[in-house]
Amino acid sequence: MGQRSQVLLLLAFIKFLVVGAQTDPNDAAALMALGSSWENKPSNWVRSDPCGGWVGIECINSRVTSIILTSMNLTGQLSVDIGSLSELQTLDLSSNTFMTGPLPQAIGNLKKLSILCLTGCGFSGPIPNEIGSLPQLLYLALNTNRFSGQIPSSIGNLSNLDYLDLTENQLSGSIPVSSGNKSGLDMLLQTKHFHLGKNQLSGTIPPQLFSSNMKLIHVLFDNNNLSGIIPSTLGLVQTLEVVRLDRNSLNGSVPSNISNLANLRELALSNNSLTGPMPNLTSMNLLNYVDMSNNSFDSSGVPPWISSLQSLTTLMMERTQLEGPIPVNLFSPPNIEIVDLSNNNLNGTLNISTTYSHKLQRIILRNNSIAKFEPITGGNNLTISLEDNPVCEVTGQVTESYCNNSTSSLPNSMPPNCLQLSCSSDQVASPNCKCGYPYKGTLFFRALSSLDLGNSSYYVAVEESLMQTFQSYDLPVDSVSLSNPTIDSFGYLGLSLQVFPSGDDRFNKTGITMIGYVLNNLSFSPPRLFGPFFLIASIYDYYAGSNKGKSKGIIIGAAVGGSLLLVGYMDPEYYMTQQLTEKSDVYSFGVLLLELITARRPIEQGKHIVKEVRNAMDKTKELYNLHEILDPAIGLGTTLKGSEKFVDLAMRCVEESGAERPTMGEVVKEIENIMQLFGLNPIVESASTSETYDVAGKGHYDHPYIDDGFNYSGSFPPSMTDPK
């Protein structure tokens, strides 16, 4: 880009700031109509300019591109007016359980929509066929609603779709595949996630559904009414990592080529009517979770391939017609933690030997025919359950711990050093021993893998991963807490989640919205052992006060490379004061300047652009020692007059203290001075100057953050549509 063009681009952004966010009239009318049918919508949805700071609304060039209103306790229906927002890219209304009624056919008009997330709402009726008319859609999450009828075959037209989640609805009928002019899910060659569990789907799993050209990593068809055999074509999808077909009515033999799935980590085939030989999984070296329980396999001994699975952590083979002695090497895989072979016909002596894995925690062999147990030395952390075996009927053995039913106590992450902390009514003590009003919900993990619920270290790992995610996105989170692990009748692990605010004892509405968005759109990736998840959030009733005083300014909305950015634009003083001022906009503009002259996003790989420039900057060196940071394509080098002045201006704008930042009028004047260094006439080149900005700053604009306004000068984080 030429030097003159670069300066004009800077001025274009300044003009954007001065003139303000004037929403396209059609978009404004559509949002007004949508909001008119909703209760509990944000209180600042009464102004005439939605792009000027409505909570949850993002705009680019005066067009509405994003609606994100997670966990707002919205009540009402989604009207056909949604179809008028032709530039909409993101629609996230997740965790609003009182959003009910049908999904309107007008949703098909949103040709630029890339993210549609309605998780945890109350929508009902059929999913409209028009859902298949969204060519840019990447992420489709309609899980945990009350949608009924069949899965629309038109979803097969979504050639860019990465993530499909229809879990926990009332969908019925067969899984659609293509035929003639009819589309089907087999056409989704780019999709990585088929989440169709907890519905009422019936019929067979069509062999045509799978092919070697697919990129699937998750196939979750659990808790349906599917029948027939497991198609051998499943073994063609070499990218698969998680397969859940449990809790259906599948029959026949497991296809032998399932062992070709070399990347598979979790295989759940339990609670079906499978017959034939136990499948041989010898070559599946990454497999860590296997559940074959409650099927009608041919009677056989304990499969010898079990001891060869070096990654195996959990083995579940309850009621699988196993018989004969228990081989000593069954407990030798180096990572094995849980072995459950209950309700079989195993006999002889249980000899764990001294070669068992040091990670082994539980051996469950209830209701077999084991007559003798060779005690082991050590193994203090090993729990053995032999109830209802002959060995426990022998005199003197009944009182042994392995002959008594026992359940592991489940952890609660409340730190002991906070037990004496006294908080006011409804407040909760955080892990950092601060009283506050946390954002609460339940995280549900759908591919349970190798987890001993009594091992609190697993949950600590998730807590740490959550905090790393929140911190990388600069969200106002002090700490997180997970507790009360439970596994429901569907095989889903639930963890109670509490997210505690930073800088205040409660969140504002935007903080809640952004936390919900991060968790609902897979920006957070849990440790691999936990697999795919979703959040059902509770209603948050403790929003921070909204009367922050009058000030002037406008929101900055920016896009780079077509991707929405995060809250890297936000004034750090806001975290302490919960107030936004004119100087907040100056800070945001400074970040935008740095973004422009470095060609970097505000936050990349968890590093903030302001800190990166500040750490590298050395004014005693040529170009302030920023050669490696500044974008060479824009010509900001020693040959370009005013290069350092651009940097100086940007860094003055992003001073930690608002008092040390210039006013926006001063910023514009400095830009005009830099233009003159380029030999450009600022009056001619720019439609708005420092004079026009000074006039605008004298009272012609209401600040968009007043009431409970949009409390960040940035955009929402991008969705990560490649979770593992």
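**Exercise 1.** Does Arg-366 count as buried, partly exposed or exposed, and at what relative accessibility?

*Solution.* The model is predicted, so local features need pLDDT of at least 70 and side-chain atom pairs count only at pLDDT 80 or more, while totals for chains, interfaces and linings use all residues. Residues are numbered from 1 along each chain as its sequence is written, and side-chain values use heavy atoms, with hydrogens and water left out. Start from the cut-offs: buried means under 20% relative accessible area, exposed means over 50%, and partly exposed lies in between, with a 1.4 Å probe and protein chains only. Arg-366 has a relative accessibility of 24%, and therefore counts as partly exposed.

**Exercise 2.** Find which side chain meets that of Arg-366 in a salt bridge, and place both residues along the chain.

*Solution.* A salt bridge is a side-chain nitrogen of Lys or Arg within 4 Å of a carboxyl oxygen of Asp or Glu. The partner of Arg-366 is Glu-387, at 3.3 Å from N to O. Next, locate the two residues, using helices (H or I, at least four residues) and strands (E, at least two) that are DSSP runs numbered from the N terminus. Glu-387 sits in the loop between strand 28 (383-385) and strand 29 (428-429), whereas Arg-366 sits in the loop between strand 26 (362-364) and strand 27 (369-374), so that the pair links distant parts of the chain, 21 residues apart. Finally, Glu-387 counts as buried because its relative accessibility is 3%.

**Exercise 3.** Describe the salt bridge of Arg-614 in the same manner, and then name a network of salt bridges.

*Solution.* The side chain of Arg-614 meets that of Glu-656, with 3.7 Å from N to O. Arg-614 belongs to helix 7 (residues 609-616) and Glu-656 to the loop between helix 8 (643-653) and helix 9 (664-677), so the bridge ties together parts that are 42 residues apart in sequence. Arg-614 is partly exposed, with a relative accessible area of 34%, and Glu-656 also counts as partly exposed, at 47% relative accessibility. As for the network, Asp-222, Arg-244, Asp-246 and Arg-247 are joined into one by salt bridges that share partners. The structure holds 14 salt bridges.

**Exercise 4.** Check whether the span of helix 4 agrees with its number of residues, and say how many of these are buried.

*Solution.* The expected span of a helix is 1.5 Å times one less than its number of residues. For the 12 residues of helix 4 (residues 509-520) this should give 16 Å, and the end C-alpha atoms are 16 Å apart, which agrees. Turning to burial, 12 of its 12 residues are buried, including Ile-512, Met-514 and Tyr-517.

**Exercise 5.** State which residues have the most contacts inside the largest nonpolar core, and follow one of them outwards.

*Solution.* A nonpolar core is a set of buried Ala, Val, Leu, Ile, Met, Phe, Trp, Tyr and Cys residues joined through side-chain atoms within 4.5 Å. The largest has 141 residues, and Ile-67, Ile-155 and Phe-221 have the most contacts inside it. Helix 3 (residues 457-472) gives the most to this core, with 6 residues. Contact means heavy atoms within 4.5 Å, and, leaving aside neighbours within four places in sequence, the contacts of Ile-155 include Ile-131, Gly-132, Leu-140 and Leu-188. Another core, of 31 residues, lies apart from it, and among its residues are Tyr-587 and Val-610.
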